[in-house]
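Here are my notes for a colleague at the bench, set out as numbered points that can be read alongside the coordinates. Please keep the structure open while going through them.

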Amino acid sequence: MLHYLKLQPAPFEKIKSGKKDIELRLNDEKRQSMMAGDIIEFTCVKGGERLYAIIVDKTVFASFKELFAHYNKARLGYESGEDASPLDMEIYYCKEEIECFGALAIEIRVLNKCDLEEGNLQKLVAQYAPNNKVLGVNFLRLFYGNSFKGVKKFSVDLSQGWFNFNDNGNSTLIKQNKNSKELIAEFKQGLSEIDFAKWQARYLPSEPLPDADGWELELRFYNGERQIFSGVNAYPKDWNKLLSLLGNYTKIFK
């Protein structure tokens, strides 16, 4: 995907020279669509010069204060003698917008003429695009029968950094707080230890039971594909690993 961003002359020249490799933006709806492997066309507002860069990675923060604390100021475009202040971003965005959407750090690599040749560009996009990586997880568990009825839901968006847990209608959300980046990293690691490649699409018991434990797990990937697994009173390998992983985060909400 190609994105278009405008820059003042100073940051444009710093990106062009390689001094600045992180672009700072509000994490609004427009920027939320940006993914690693996408291309950005930067246009200098004075003179109209253009350059192209590929998105290497993106990281969402609750505020520009947290973002500035995370990176070396040189990567953000500041010189050694300059003060790097998150208040500088309030020139472009009001406090209400920042509180609503959070801050986005876009790590980029400038593309040269050789990179922009069709075959080379495709290789770079394949290198950075996380098409085979999980973007989000939705887990639904239904208990029904003579003895008990209940619904539990768990959702996580790995690109935007939020978790949501719903227990019988009582919902709790963690979104873009100071701990969300660490929680997401831990969740990704736990998810990678589950061998979903060996899971079947559907699990059913050999005999029907009066009380049922129904479940559905949906994995959403960066390339738009989805995998859905489900079952009733029957479970795949690594089922306990999955429950243990989700259990670590449901405790946070209580």
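The points below take up the sheet, the helices that lie on it, one buried residue, the cysteines, a second group of strands and the aromatic rings.

1. Please bear in mind throughout that this is a predicted model. The values in these points are therefore to be read as computed from a prediction, with local features taken where pLDDT is at least 70 and side-chain atom pairs where it is 80 or more.

2. The central element to look at is an open sheet of 5 strands, arranged in the order β1-β3-β4-β5-β2 with mixed pairing. β1 and β2 stand at the edges and have a single partner strand each, so that one side of each is left without a neighbour in the sheet. Direction ignored, neighbouring strands of this sheet are turned by 40° against each other on average. Within the sheet, β4 and β5 pair in the antiparallel sense over 8 bridges, and Ile55 has Ile108 in β5 as its bridge partner.

3. Helix α1 (residues 9–17) has Phe12, Lys14 and Ile15 as its buried residues. Seen down the axis of α1, these buried residues fall within an arc of 165°, so they line one face of the helix. As general background, an α-helix has 3.6 residues a turn, so residues three or four places apart point the same way. The buried residues of α1 pack against β1 (2–7), β2 (22–26), β3 (39–44), β4 (50–61) and β5 (103–110), and the helix lies across these strands, running at about 135° to β3. Just after α1 comes Gly18, which takes a positive phi of about 90°.

4. A second helix to inspect against the sheet is α5 (residues 118–128), which lies across β3, β4 and β5 and runs at about 5° to β4.

5. Is Met34, in the loop between α2 (29–32) and β3, buried or exposed? Met34 is buried, because its relative accessible area is 3%, and the cut-off for that term is under 20%. Leaving aside its neighbours within four places in sequence, Met34 is in contact with His3, Leu5, Ile40, Ile55, Lys58 and Ile106. One of these contacts, Ile55, is 21 residues from Met34 in sequence, while the two are 8.2 Å apart in space, C-alpha to C-alpha.

6. How many disulfides does the model hold? The count comes to 0, where a disulfide would need a pair of cysteine sulfur atoms within 2.5 Å. For Cys100, the closest cysteine sulfur is that of Cys94, at 9.3 Å, which is too far for a bond. Cys100 is exposed, with a relative accessible area of 51%, whereas Cys44 is buried, at a relative accessible area of 6%.

7. A further group of strands deserves its own look. Strand β11 (residues 212–221) and β12 run antiparallel and are joined by 7 bridges; they form a hairpin with 4 residues between them, and Gly224 in the turn has a positive phi of about 95°. Strand β10 (residues 202–203) runs parallel to strand β12 (residues 226–232), to which 2 bridges join it. Gly231 in β12 is the bridge partner of Tyr203, and Gly231 is also the residue that Trp215 stands opposite.

8. The structure holds 15 aromatic pairs. Among them, Phe61 and Tyr71 form an edge-to-face pair, 6.0 Å centre to centre with 75° between the planes. Phe61 lies in strand β4 and Tyr71 in the loop between α3 (64–70) and α4 (95–101), so the pair ties together parts that are 10 residues apart in sequence. Both Phe61 and Tyr71 are buried.

9. The rings of Phe64 and Tyr93 have their planes at 0° and their centres 6.1 Å apart, so this pair is stacked. The pair links distant parts of the chain, with Phe64 in helix α3 and Tyr93 in the loop between α3 and α4, 29 residues apart. Phe64 is buried at a relative accessible area of 2%, and Tyr93 also counts as buried, at 12% relative accessibility.

10. Finally, ring pairs link Phe139, Phe196, Trp199, Tyr203, Trp215, Phe229, Tyr235 and Trp239 into a cluster. Two of its members, Tyr203 and Trp215, are those described above in relation to Gly231 of β12.

Conventions. Residues are numbered from 1 along each chain as its sequence is written. Side-chain values use heavy atoms; hydrogens and water are left out. Buried means under 20% relative accessible area, exposed over 50%, partly exposed in between (1.4 Å probe, protein chains only). The arc is that of the directions from the helix axis to the C-beta atoms. Contact means heavy atoms within 4.5 Å. Two strands pair if DSSP finds at least two bridges between them. Axes are lines fitted to C-alpha atoms, for helices over the stretch in contact, and angles run from 0 to 180 degrees between N-to-C directions. Rings of Phe, Tyr and Trp (its six-membered ring) pair if their centres lie within 6.5 Å; planes under 30 degrees apart count as stacked, over 60 as edge-to-face and the rest as tilted.
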